[in-house]
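Let's take a walk through this structure together, one place at a time. Have the sequence and the coordinates open as you read.

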Amino acid sequence: MGTTLSLVVPSGPLTLGNLLGAIRNWSGEQRGPETLYGVADLHALTLEHDPAAVRRLTMEQVALLIAAGLDPDRCTIFVQSQVPLHCELHWLLEATAYDGELRRMIQFKEKSAKQASVRSALLAYPVLMAADILLYGVDAVPVGEDQRQHLELARDLAIRFNSRYGETFVVPRAVTPAVGARVMDLQDPETKMSKSAALAAPGVIRLLDPPDVVRRKITRATTDNGTDVVYDPATKPGVSNLLSIIAACTDTRPEEIATGIGSYRQLKECCADAVLSVLTPLRQRYATIAADPGYLAGVLRHGAELAASLGSPTLARAKAAIGLVPA
Ligand code: ATP
Ligand code: MG
């Protein structure tokens, strides 16, 4: 396995979906400095944003990544804006990308359609994402469906740059992410739980929600017609979501869980217990980490140095190839 990179965007407080679907897997894949994890704060500037919230969420997410098991001695933990190489390479790739191909991105079309004025950063976002990946020579990129087109763009840019200016970048390829649970919104189990949902969204469990809030959200989760507790996402999306959550929290299979539960009420109690058994220790570790800003700053300083040293040979090669410094 070569270099790997996974980032979260501080677009909202992290959710149970982020933990069970992604972050938990990351902590099982720490193979030294070349496994990079972090917070992509620059990506949070593509839509209307609150500066104080981005700053606060960035630090909160770093602390939660560590609380969830990422170990600064076994991986690189960094904040994107603290590693200026991302922006430097971004500009070289802006000069490689075409306006037309960026306008064709489905996410750009969808997100820009919802706004009166569109930041040019929204159009440029996939190019910055390409810079994130190409900077570190990441070969295999685990991407969900929503990022597949952006990864295609990163590939196209790498291939175009290499053929125009000479072999510079590793051409990345998309791989299916390690199967984590896909957690659905508790109020709308046909939709994925997302951190950028409204802060008060009742179907989204945030990792730092107090225990009574977690319990209340689960108690009020949408269930399905009938009374049987069976795992069948197609006909029973609400019940199946709760079963999947329990299974992910307790390392079992949802079908097995279903056999031991007799009512929706019992299902919800069991789900709340399972979720709290994961979130309570996480909250405690978070509290310890967040109480020591010096520690966090030190982790990030070290992470930024590691990331810069990993990325600088590629950036230097790219600058020489494109004509900015002598080859
Ligand atoms: P946003 O609403 O800003 O897109 P998000 O909650 O979808 O936020 P991302 O930053 O897009 O989170 O993704 C971070 C990681 O969390 C990715 O690896 C993604 O696959 C995973 N993830 C996000 N939501 C879920 C979910 N509901 N279930 C499982 N995994 C998820
Ligand atoms: Mg998302």
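A good place to begin is a polar contact: a polar atom in the side chain of Thr-314 sits 3.4 Å from the backbone oxygen of Leu-135. Keep in mind that what you are looking at is a predicted model. Thr-314 belongs to helix H12, which covers residues 293–322. Is Thr-314 buried or exposed? Its relative accessibility is 8%, and the cut-off for buried is under 20%, so Thr-314 counts as buried. Leaving aside residues up to four places away in sequence, Thr-314 touches Leu-134, Leu-135, Thr-168 and Phe-169. Leu-135 thus appears both in this list of contacts and as the partner in the polar contact.

Now turn to the ligand. Ligand 1 is surrounded by 15 residues, and the closest of them are Ser-11, Val-183, Lys-192, Lys-195 and Ser-196. By type, the shell around ligand 1 splits into 6 nonpolar, 6 polar and 3 charged residues. Which helix gives the largest share of that shell? The answer is helix H1 (residues 16–27), with 4 residues.

Several polar contacts can be picked out around the ligand. An N or O atom in the side chain of Ser-11 is 2.5 Å from an oxygen atom of ligand 1. Another oxygen contact involves Asn-18, where a polar side-chain atom lies 3.1 Å from an oxygen atom of ligand 1. With Met-193 the backbone takes part: one of its polar backbone atoms is 2.9 Å from a nitrogen atom of ligand 1. On its own, ligand 1 has 600 Å² of accessible area, and the protein covers 74% of it.

Next, look at helix H8, which runs over residues 211–219 and has Val-213, Val-214, Lys-217 and Ile-218 as buried residues. Viewed down the helix axis, these buried residues fall within an arc of 130°, so they line one face of H8. What do they pack against? Their partners are helix H9 (237–250) and helix H11 (264–290).

Ile-218 deserves a closer look, as one of the buried residues of H8. Its relative accessible area is 0%, so Ile-218 counts as buried. Beyond residues up to four places away in sequence, Ile-218 touches Leu-186, Ile-205, Leu-242, Lys-268, Cys-271, Ala-272 and Val-275. You can also measure from Ile-218 to Gly-203: the two are 15 residues apart in sequence, and their C-alpha atoms are 8.0 Å apart in space.

From H9, follow the chain into the loop between H9 and helix H10 (254–259), where you will find Asp-251. Its backbone is worth checking in your viewer: Asp-251 has a positive phi of about 55°, although it is not a glycine. Asp-251 has a relative accessibility of 67%, and since exposed means over 50%, Asp-251 counts as exposed.

The last stop is Phe-108, in helix H5 (residues 106–113). Phe-108 has a relative accessible area of 11% and is buried. With residues up to four places away in sequence left out, it touches Leu-102, Arg-103, Ala-113, Val-118, Leu-122 and Leu-123. To place Phe-108 against another part of the chain, compare it with Ala-274: they are 166 residues apart along the chain, and 38 Å separates their C-alpha atoms.

Key. Residues numbered from 1 in each chain as written. Chains lettered and ligands numbered in written order. Predicted model: local features only at pLDDT ≥ 70, side-chain atom pairs only at ≥ 80, totals over all residues. Heavy atoms only, no water. Buried < 20%, exposed > 50% of the residue type's maximum accessible area, 1.4 Å probe, protein only. Helix = DSSP H or I, 4+ residues; strand = E, 2+ residues; numbered from the N terminus. Arc of directions from axis to C-beta. Contact = heavy atoms within 4.5 Å. Near = heavy atom within 4 Å. Polar contact = N/O pair within 3.5 Å; in protein donor to acceptor, adjacent residues only side chain to side chain. Areas by Shrake-Rupley, 256 points an atom, 1.4 Å probe, with all protein chains shown as cover. Nonpolar A, V, L, I, M, F, W, Y, C, P; charged D, E, K, R; others polar.
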